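Work through the following exercises with the sequence and the 3D structure beside you. Try each task before you read its solution.

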Amino acid sequence: MVYGALRNQLFEAKLRLVRGAEFAELRALAEGERLDAERLRSLQQARAAAIVRFAMAHTAYYRERYAKAGIDPRDLAHPQAFESLPVLERADVREHFERIRSDEATPANVQRAVTGGTTGEPLRVLRDNRANHRTLGWRLHRWWGVEPSDNKAVIWRDAATDFWKTLRHDALWWPTRSVQMDANRIDARTTARFLDGWERVRPALLTGYVGAVIALAEFVKQSGRAIPPPKAVGLTSAPVTPGQKQFLREVFGAPAYDHYQCVESPMLAGECARSDGLHVFADSRLVEILDADGRAVGPGETGNVVITDFRNRVFPLIRYRLGDLARWKEGSCPCGVTFPLLEPIRGRTTDVLRLPSGAVVAGVGMCAIFHPWPDAVRQFQLRQEADYSLTLQCVRGRDPNADGIMRLVADRLRARMGGEVPVRLEVVDVIHHDRGKQHFIVSKVASGGPPA
């Protein structure tokens, strides 16, 4: 078995020889994360203008849409011109899929991807295989003390779990080894097999969907099984509560870090070792937060996340509204990374509670209702039935006052609902995930109003 420094040297040598472009890019990314504000702003403006010019020249959709909006490629010399571009909606992508595909797209450089559909109808997109998203992940993992050559444990949808796929993956990335579990198939048998692989591989990093990683931690705790601790646990796909981070640290013996990514554009932002905000990967993506009128919001104001991927030339996504809600964090991070900071993602625009009067209560901030008491619950979920009634489900935490805190939060929810609907508190042993993902709000109320 290859260990430590020797494995790092072998991995780097192989990367230089076989994947030279990725090796060079990893070094460039390390330099880019410490650019001063003016240089970073200039870099973003240049790359934003470049992807717009490319899209206008190589896709029918952007060429026609921007022409109708009166946009001329020469206008992009002025930074304000980018902010005037129309926002791309999910409905636009669904309707104009073929016309958004660029003339550079070929079977060799395209990877098809489909969103999970947990917030509505799944959406098809294309990824650019030349974009090297992997290097962004390596940079992020280094912030957590994990090297690209370190062994990894992964819980993901459609992960490589059969013998031949695992063998091929390990041969491709030798001397790094991995153990993987499919988030679509998490049960006692697959979890036990995953942990058997864990003991062989001894991963430095566990990464996966929040709900799936929590489910694994529950299994480890209940089984009493001792496993070698990783260096870090990486979480994505949903907001993470302080209580969950603490629970994972207790079970795995390693800090848990949040990172933000999506099917449409992998690796948007992530926490550094300080865990005090998510650094936007501003050298590769442009993230905007806009209010309902399309204007940029300032720190502390919640708005819609709109992204531009500088790297995807087969299916350009320019000013694309993700459907997530977020807000900028004030100030800079002492870690030295100069990228702008996001506060933890505050939920989806589709996360709402509906009242019999027709009023809609936005779910913004619902994931933070227990933040003042991080040890009161390990997990919670708001479930709304078709009759509008609400159930606050909680997995009790270690706080000795947990029961009183849960009752207090339930009372606050009743007040927020204006007394229109009953709110019931239910303490449970486990809250089940949806194919590895967790949801803070699950509603059976139709959007059209009260049931007939």
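**Exercise 1. The whole chain**

Task: Find how many helices and strands the protein chain has, and decide why its radius of gyration does or does not agree with that of a compact globule.

Solution. The model is a predicted one, and its protein chain contains 13 helices together with 20 strands. The next step is to compare two radii: a compact globule of 452 residues would have a radius of gyration near 22 Å, and because the protein chain has 23 Å, the two agree. As a further step, consider the box that the C-alpha atoms fill, which is roughly 60 × 60 × 40 Å when taken along the principal axes.

**Exercise 2. Cover, contacts and charge**

Task: State what percentage of the residues is buried, and describe the contacts, the surface and the charged side chains of the protein chain.

Solution. Begin with cover: of the 452 residues in the protein chain, 52% are buried. Then turn to the contacts between residues at least 6 apart in sequence, of which 67% join residues that are at least 24 apart. The accessible surface comes to about 20700 Å², and carbon and sulfur atoms account for 51% of this surface. Finally, count the charges: there are 64 positive and 54 negative side chains, and the centres of these two sets lie 4 Å apart.

**Exercise 3. A sheet of four strands**

Task: Give the order of the strands in the open sheet of four, name its edge strands, and follow the bridges of strand E12 to its partners.

Solution. The order in this open sheet is E10-E11-E12-E14, and the pairing is antiparallel. Strand E10 (285-290) and strand E14 (347-348) are the edge strands, since each of them pairs on one side only. Within the sheet, strand E11 (residues 303-309) is joined to strand E12 (residues 320-326) by four bridges in the antiparallel sense. Two residue pairs let you place this pairing in the structure: Val306 has Arg321 in E12 as its bridge partner, and Ile307 has Tyr320 in E12. E12 also pairs with E14, again in the antiparallel sense, over two bridges, and here Asp324 stands opposite Arg348 in E14. As a last step, look at the cover of E12, where six of the seven residues are buried.

**Exercise 4. A sheet of eight strands**

Task: Give the order of the strands in the open sheet of eight, and find where strand E13 belongs in it.

Solution. The eight strands follow one another as E4-E3-E5-E6-E7-E8-E9-E13, and their pairing is mixed. The edge strands are strand E4 (178-182) and strand E13 (341-342), each of which pairs on one side only. E13 pairs with strand E9 (residues 278-280) over two bridges in the antiparallel sense, and the bridge partner of Leu278 is Leu342 in E13.

**Exercise 5. The partners of strand E17**

Task: Work out which strands pair with E17, and in which sense, parallel or antiparallel.

Solution. Strand E17 (residues 377-384) is mostly covered, with seven of its eight residues buried. One of its partners is strand E18 (residues 390-396), to which E17 is joined over seven bridges in the antiparallel sense; Phe380, for example, has Cys394 in E18 as its bridge partner. E17 and E18 form a hairpin with five residues between them, and in the turn Tyr388 has a positive phi of about 80°. Another partner is strand E20 (residues 441-443), which runs parallel to E17 and is joined to E17 by three bridges. In this parallel pair, Arg383 stands opposite Val442 in E20.

**Exercise 6. Two residues in helices**

Task: Decide whether His133 and Leu40 are buried or exposed, and list what each of them touches.

Solution. His133 lies in helix H8 (residues 133-143). Because a residue is called buried under 20% relative accessible area, His133 with its 17% is buried. Leaving aside neighbours within four places in sequence, His133 is in contact with Asp128, Pro266, Met267, Arg285, Asp309 and Arg311.

Leu40 has its place in helix H3 (residues 37-58), and with a relative accessible area of 7% Leu40 is buried. Not counting residues up to four places away in sequence, Leu40 touches Leu35, Ala282, Asp283, Thr338, Phe339 and Pro340. Of these, take Asp283 as the final step: Leu40 and Asp283 are 243 residues apart along the chain, yet their C-alpha atoms are separated by 7.2 Å.

Terms used. Residues numbered from 1 in each chain as written. Predicted model: local features only at pLDDT ≥ 70, side-chain atom pairs only at ≥ 80, totals over all residues. Heavy atoms only, no water. Rg over C-alpha atoms; globule rule 2.2 N^0.38 Å. Buried < 20%, exposed > 50% of the residue type's maximum accessible area, 1.4 Å probe, protein only. Contact = heavy atoms within 4.5 Å. Areas by Shrake-Rupley, 256 points an atom, 1.4 Å probe, with all protein chains shown as cover. Lys, Arg positive; Asp, Glu negative; His and termini not counted. Charge placed at Lys NZ, Arg CZ, Asp CG, Glu CD. Pairing = 2+ DSSP bridges.
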